[in-house]
Amino acid sequence: MIIPYQTAQVSFKKQQRIGENGENSEVYVVHDEHLDAELVIKQVKTDGFNEERYLLEAQLLYKSVHPYVVQVLYACKDAQHIYIAMPYYRRGSLHQVVEAEGLTCRQLIRYAIQFLSGLNNIHSKGLLHFDIKPDNILISDTDEALLSDFGFSKNMDDDGFATPELSYRLHLPPEGSVTSDFNNSADIYQVGLTLYRLLAGLDSLQRQRDSLKLGAELARAQRTETYPDLKQLPLYVPKKLKSIIKKCLRYDPDSRYQSVMDLLNDLSSIEDVGLDWRFSTDESVRRWESISSDGTGLLVEVADNSRCIASKKTSGGTYRKKPKLCEQNITPERIHEILMSSEW
């Protein structure tokens with residue numbers, strides 16, 4: 001026998017709105033008065049009748065418990081909204097981290113392995129995420145990348161396909177122009193776009209789309225795999241990482257990684273060379289600097305006249321030139337070779 005009863009109401013005070021808001025949802029940092037804690041609340045507007053449909057995201061998150069999937073603390077509702085409570089992480093999402101700090105390839109690979117472990121878990125449970133992007137990967141207070149926001153997620157059918165009700169236009173796979181049924185290759189395509197944007201720039205896709213004036217031009221660029229433009233990836237990105245991103249972004253879904261585990265294995269096999277570079281510019285000089293965990297520093301500076309000066313320092317020391325790596329009339333290809341060189 002089930003005896004219904006009215007529970008006590010939750011009580012929280014909104015502090016600030018965060019993240020990209022959806023068509024029917026907003027995300028806030030709140031102070032939960034009962035827990036005396038800061039949380040994140042996703043507030044989803046409902047039609048007042050089909051609450052079960054709107055509670056599905058909280059249920060999917062709760063069932064997808066995993067170290068690299070954001071935990072649901074509780075869910076509740078009123079006449080017009082569903083409220084999903086999750087932990088508050090002060091660094092926010094990967095989007096915010098990249099804007100504030102940037103990422104080295106080493107950091108990117110580590111974060112990717114973590115959130116992909118969460119994605120592999122939800123795929124193993126018969127779910128497709130359908131909304132993988134920098135905003136939906138949160139960085140915990142222990143510096144780990146957690147997959148979040150299951151608002152578009154759907155259960156796969158017996159053939160491994162699902163149809164999302166909504167989609168994020170910027171991350172829609174190219175097959176979305178001819179079908180509404182997707183398999184796990186759609187999530188893998190979105191992973192590729194996420195990694196690409198974290199390296200090439202968060203606005204890189206929108207800039208490229210803006211330069212393609214007609215929808216037919218975008219479709220052609222996707223079909224010929226010139227969108228997104230892999231040539232816009234920074235020179236410090238290892239070739240193996242570029243090839244991994246390229247495989248995620250193949251136009252033909254059957255040519256992409258067929259499982260997250262295959263993608264994870266390739267990411268884990270990237271050699272530990274040239275992963276700590278950061279890029280900056282200073283007037284007429286392009287500068288790449290790498291500081292390893294033991295304090296060793298590498299510096300490559302290229303002036304407008306294409307003169308390259310490479311220097312190295314030990315922990316606590318000063319930079320000294322590496323004559324073998326200093327060149328005139330340097331090319332982008334040669335810069336990449338120097339950044340990946342074992343001659344340091």
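How many strands form the open sheet, and in what order do they stand? In this predicted model, the open sheet consists of 5 strands, arranged in the order 10-11-12-13-14, with antiparallel pairing. Strand 10 and strand 14 (320-321) occupy the edges of this sheet. Each of these two strands has a single partner strand, so one side of each is left without a neighbour in the sheet.

The pairing within the sheet can be followed strand by strand. Strand 10 covers residues 277-282 and strand 11 covers residues 285-291; the two pair in the antiparallel sense over 6 bridges. Within this pair, T281 is placed opposite R286 of strand 11. The two strands form a hairpin with 2 residues between them, and in this hairpin E283 adopts a positive phi near 55°.

Strand 11 is in turn joined to strand 12, which comprises residues 297-303, by 7 bridges, and these strands also run antiparallel. Here I291 is found opposite G297 in strand 12. The hairpin of strand 11 and strand 12 has 5 residues between the strands, and G295 in this hairpin takes a positive phi near 90°.

On the next step across the sheet, strand 12 is connected to strand 13 (residues 308-313) through 6 bridges, with the two strands running antiparallel. G297 stands opposite K313 in strand 13. G297 therefore faces a residue in each of two strands, since I291 of the hairpin with strand 11 and K313 of strand 13 both stand opposite this glycine, while strand 10 and strand 14 at the edges each have a single partner strand.

Outside this sheet, a negative surface patch was identified, formed by D157, D158, D159 and D181. Of these residues, D181 is located in the loop between strand 9 (154-155) and helix 4 (184-200). With a relative accessible area of 40%, D181 is classed as partly exposed, because this class lies between the limits of 20% for buried and 50% for exposed residues.

A further residue examined was Q16, which belongs to strand 1 (residues 12-18). Q16 has a relative accessible area of 41% and is therefore partly exposed. Along the chain, Q16 and V27 are 11 residues apart, and their C-alpha atoms are separated by 8.6 Å.

Methods: Residues are numbered from 1 along each chain as its sequence is written. This is a predicted model: local features need pLDDT of at least 70, side-chain atom pairs count only at pLDDT 80 or more; totals for chains, interfaces and linings use all residues. Side-chain values use heavy atoms; hydrogens and water are left out. Patches are made of residues with over 30% relative accessible area and no salt bridge: like charges are joined within 9 Å, nonpolar side chains (Val, Leu, Ile, Met, Phe, Trp, Tyr) within 5 Å. Accessible areas come from the Shrake-Rupley method with a 1.4 Å probe; for residues, only the protein chains shown count as cover. A salt bridge is a side-chain nitrogen of Lys or Arg within 4 Å of a carboxyl oxygen of Asp or Glu. Lys and Arg count as positive and Asp and Glu as negative; His and the chain ends are not counted. The place of a charge is taken as NZ of Lys, CZ of Arg, CG of Asp or CD of Glu. Helices (H or I, at least four residues) and strands (E, at least two) are DSSP runs, numbered from the N terminus. Buried means under 20% relative accessible area, exposed over 50%, partly exposed in between (1.4 Å probe, protein chains only). Two strands pair if DSSP finds at least two bridges between them.
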